[in-house]
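Please open the model in your viewer and keep a selection panel at hand. The stops below go from one region to the next, each with something to select and something to look at.

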Amino acid sequence: MSRMGDEHGPLVDLGTERPQVPARARNMSPIVPRASISGRALVAVVAIMTFLASITTGTVLLVSASAAEWQSEVASEITMQVRPQAGRDLERDVTAAAEAMRTQPGIVQVKPFSKDESARLLEPWLGSGLSIEQLPVPRVIVARVQPGTTLDLAGLRSRVTQVAPSASVDDHRAWIERMRSMTGATVFAGIGILVLVIAATIISVSFATRGAMAANRPIVEVLHFVGAGDRYIANHFLRHFLRLGLEGGVIGGGAAMLGFGFSESIAAWFSGTPVGDQFAALLGTFSLPPSGYLALAVQAVAIAAITAWASRRTLFATLDDID
């Protein structure tokens, strides 16, 4: 057996043809491969998560801005209804109530609606060509309040009912409370979605980090053997995953910004149409202010930082297991 082993030399003798790798290339080669399937998959996951988070944040900002505008408009007006009453002249009551409102401090404009204007208000529900002569339709008076003024609503109601007993004053407080509740629910829902997105990102990064550590375990063990510390190894992985997180954040955040910019252009195209008016009533001009785009950019960087933080925690836990 030994003779046979002596007769067989090396299978391949490269001799002087042995490939030589320059020392610079050996030193610059990364511990974690930069272009790998797991790396590309993590970039895609982070990009998708950042896109969803940016869409959620942008939508919350749009709804909040529109709700604040609604509340400002509604709070700046009060509405009075003067109902027809047997034995009283409706036109005289409307005129007397309007004059009583004009004498109230803090009210800068009073507009009583005519019969034709009241009929146009009912057209969306009752159709056009409606005759309200035989219908007990109340007359509406709209008053605009000076911003920052606190009205004496009790005194106003008392003064108005003295000249028009069938009149009622509405300061839209119930509508404002509903708007605040809707805005608060939207904000809480957006925060909940962001929490879920961040949790999913952390879980994905943790699995990707463990996979990269498992794939490079022999290299890590060799580094430990030659005296490399955990911090040295972790820094290489940390830079790797931070770069992946930044790449995914830029892709996802940039796509969301382009989407909002494109939506603003579409809203401008449909301006003046019924569909455009409905969207404008719901989301305002459907355009994010510069501060909104800045918030999306900061959020993308924050998700990249969360990616690096999650990878760092997983790295040290995995290195403790290897040790």
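Which residue in E3 is the bridge partner of Glu 77? Select Glu 77 together with strand E3, and the partner turns out to be Arg 144. Before going further, note that this is a predicted model, in which local features need pLDDT of at least 70 and side-chain atom pairs count only at pLDDT 80 or more, while totals for chains, interfaces and linings use all residues. Residues are numbered from 1 along each chain as its sequence is written, and side-chain values use heavy atoms, with hydrogens and water left out.

**The whole chain**

Colour the model by pLDDT, the predictor's confidence in each residue on a scale from 0 to 100: the average for the protein is 76, and 78% of the residues score at least 70. Then select residues 1–15, where pLDDT stays under 50 and the model has 1 contact (heavy atoms within 4.5 Å) beyond four places in sequence. Residues 23–28 also have a pLDDT below 50, and this stretch has 1 contact beyond near neighbours in sequence. Where pLDDT is low, the predicted coordinates should not be read in detail.

Switch to a cartoon view, which should show 11 helices and 4 strands; these are DSSP runs, with helices (H or I) of at least four residues and strands (E) of at least two, numbered from the N terminus. Of the 323 residues in the protein, 33% are buried, where buried means under 20% relative accessible area, exposed means over 50% and partly exposed lies in between, for a 1.4 Å probe and protein chains only. Among contacts between residues at least 6 apart in sequence, 85% join residues at least 24 apart.

**The sheet**

Select the 4 strands next, which form an open antiparallel sheet in the order E2-E3-E1-E4. Strand E2 (107–112) and strand E4 (167–170) stand at the edges with a single partner strand each, so one side of each has no neighbour in the sheet. Neighbouring strands are turned against each other by 20 degrees on average, direction ignored; the axes are lines fitted to C-alpha atoms, for helices over the stretch in contact, and angles run from 0 to 180 degrees between N-to-C directions.

Now zoom in on strand E1 (residues 77–82) and strand E3 (residues 139–145), which pair in the antiparallel sense over 6 bridges, where pairing requires that DSSP finds at least two bridges between the strands. Along this pair, Thr 79 stands opposite Val 142 in E3. E1 also pairs with E4, again in the antiparallel sense, over 4 bridges; here Met 80 faces Val 169, and Val 82 faces Ala 167.

In a regular strand the side chains alternate between the two faces of the sheet. Show the side chains of E4 to see a covered face with Ala 167 and Val 169, and an uncovered one with Ser 168 and Asp 170. Adding helix H4 (residues 90–102) to the view shows that H4 lies across E1, E2 and E3, running at about 10 degrees to E3.

**The helices**

UniProt, in an unreviewed entry, places the feature "transmembrane region" at residues 41–63, 187–208, 249–271 and 291–310; its positions are in the numbering used here, feature names are shortened, and annotations may be inferred rather than shown by experiment. Select residues 187–208, which are 100% helix and 0% strand, with end C-alpha atoms 31 Å apart. Residues 291–310 are likewise 100% helix and 0% strand, with end C-alpha atoms 28 Å apart.

Extend the selection to helix H7 (residues 173–215), whose 43 residues should span 63 Å at 1.5 Å a residue, and whose end C-alpha atoms are indeed 63 Å apart; the expected span is 1.5 Å times one less than the number of residues. The buried residues of H7 include Ile 176, Gly 190, Val 197 and Met 213.

Move to Gly 248 in helix H9 (residues 230–269), which is buried with a relative accessible area of 0%. Beyond four places in sequence, Gly 248 touches Val 43, Val 46, Ala 47 and Thr 50; Gly 248 and Thr 50 are 198 residues apart in sequence but 7.5 Å apart in space, C-alpha to C-alpha.

Finish at Leu 296 in helix H11 (residues 290–322), also buried at a relative accessible area of 0%. Leaving aside neighbours within four places in sequence, Leu 296 contacts Ser 54, Thr 57, Gly 58, Met 257, Phe 260 and Leu 288.
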